[in-house]
Amino acid sequence: MVPLALLIGTIAATVGCAQARYTAASLPSEYAAPHHVSARHVDLSTMPRQSIPTEWLQPGDSVEVSIATGIEKGPTSRWKLRLDNTGRIDVPLVGSVPVAGVTANVAAERIRDESIRRGLYLDPKVTVSVDKKRVFQVSVVGAVNAPDTYEIPAANCDLLTALTTAKGVSDEADRTVEIRHSPDALAQLANTPRPVGPNGVALASYEPAQIPSVVNLDLADLQSYPPGSLKLFDGSVVSVARQPKRTVSVMGLVQKPQQIEMPEGEDLTLLSAVAQAGGTSMSIADKALVIRQASADFEPIVIEASLRDARYGGQGNLRLAPGDIVSVEETATTMVVQAVRSFFRVGFSAAVPGF
């Protein structure tokens, strides 16, 4: 709770800055409070991605290959092979065959065709099955429903997959997310196997970018980030911040001066804040000042609003921002009414003995 004396001091110091004073109608757009978007209400499906079909073989995957010629006297030959960084596998006797960017069935056809082309077999029966997809170990921590370290398929390892695997953000999540990559992962990024298309060439859209060790982003502004910045690697850590309390302070001619917690996922307006403070202590009170720290680099600004205008749907019903101080001010009219009230109270007390 912010001390009342500190709030009064802030108002007194700020109101004196004439150059930072606006009316509700003249408030520049850059000083207006933005609509509040909760992390839970963000549509993560709009996140830009660099996804590929899960059935495509990719560098780093392990496959099992068998070749049956029909003349074997023993079991059919089987090998467990790993795709190298160029998307090829080295099949015993057959040699190197590009299989990245295609399905296991197409890979089998390629191996069969290559073995016939090299004169090794006349009509072999080749089968290819996926033994193990390459995975990355990614930790998801903070305000998510299931924080843990997960194995995520490398080809589609990105922020959306990580948050989905962790069962989404929790009720206390802020929109701020930090992605931290391990030094080893960044050092090896240039040699990281890249997804490959059906022609055996690395997909151009997956060209690794210069990715910093720490990436900070806002879930409500996902479209502004290039897909490459949302990629995750082996050892990456995704941290979802917990949302700090969003409060405004209401003081002056109100029934219950206090600090009010703003509703989760909703905007708070001037009239709503005054109502939560018990309403005005005088029905004729009309002038309200909103003191807003619009930027950490500048002095607070003062916004003057009319409660009467706000009640009639005017621009006075400002949308408030976290940290705002609302002061329902004394005016010449309210001071006259206060004086009259005081006069009658004193006169009535003097007229009634013992009162």
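This report describes the sheets, strand pairings and selected loop residues of a predicted model.

## Overall make-up

The protein chain holds 7 helices and 16 strands. It has 355 residues, and 41% of them count as buried. The accessible surface of the chain is about 18,900 Å². Carbon and sulfur atoms account for 54% of that surface.

Contacts in the chain can also be sorted by distance along the sequence. Among contacts with a separation of 6 or more, 66% are between residues 24 or more positions apart.

## The six-stranded sheet

Strands of a sheet pair through backbone hydrogen bonds, in either a parallel or an antiparallel sense. One sheet in this model is open and has 6 strands, with mixed pairing. Read across, the order is β1-β15-β14-β16-β12-β13. The edge positions belong to β1 (21–23) and β13 (258–261); each has a single partner strand, so one side of each has no neighbour in the sheet. From one strand to the next, the twist averages 25 degrees.

At the β13 edge, the partner is strand β12, residues 247–252. The two strands run antiparallel and are joined by 4 bridges. One residue pair here is serine 249 with glutamine 259, the latter being its bridge partner in β13.

## Pairings of β7

Strand β7 covers residues 135–142 and pairs with strand β8, residues 148–153. The pairing is antiparallel and extends over 6 bridges. A hairpin of 5 residues makes the connection from β7 to β8. Within this pairing, glutamine 137 has glutamate 151 of β8 as its bridge partner.

β7 also pairs with strand β11, residues 237–242. Here the sense is parallel, and there are 4 bridges. Valine 141 has serine 239 as its bridge partner in β11. Strand β7 is thus antiparallel to β8 and parallel to β11.

## The loop between β4 and β5

Proline 92 sits in the loop between β4 (88–91) and β5 (95–98). Its relative accessible area is 27%, and proline 92 counts as partly exposed because that value falls between the 20% and 50% cut-offs. Leaving aside residues up to four places away in sequence, proline 92 touches Trp79 and Leu81. Leucine 81 is 11 residues from proline 92 along the chain, and the C-alpha atoms of the two are separated by 9.7 Å.

Leucine 93 is in the loop between β4 and β5 as well. This residue has a relative accessibility of 68% and counts as exposed, because the cut-off for that class is over 50%.

## Positive phi angles

Most residues other than glycine have a negative phi. Leucine 93 is not a glycine, yet its phi is positive, at about 75 degrees.

Lysine 167 is another non-glycine residue with a positive phi, in this case about 65 degrees. It is placed in the loop between α3 (159–165) and β9 (173–180). With a relative accessible area of 63%, lysine 167 is exposed. Both residues with a positive phi described here lie in loops: leucine 93 between β4 and β5, and lysine 167 between α3 and β9.

Terms used
Residues numbered from 1 in each chain as written. Predicted model: local features only at pLDDT ≥ 70, side-chain atom pairs only at ≥ 80, totals over all residues. Heavy atoms only, no water. Pairing = 2+ DSSP bridges. Axes fitted to C-alpha atoms, helices over the stretch in contact; angles between N-to-C directions. Buried < 20%, exposed > 50% of the residue type's maximum accessible area, 1.4 Å probe, protein only. Contact = heavy atoms within 4.5 Å. Areas by Shrake-Rupley, 256 points an atom, 1.4 Å probe, with all protein chains shown as cover.
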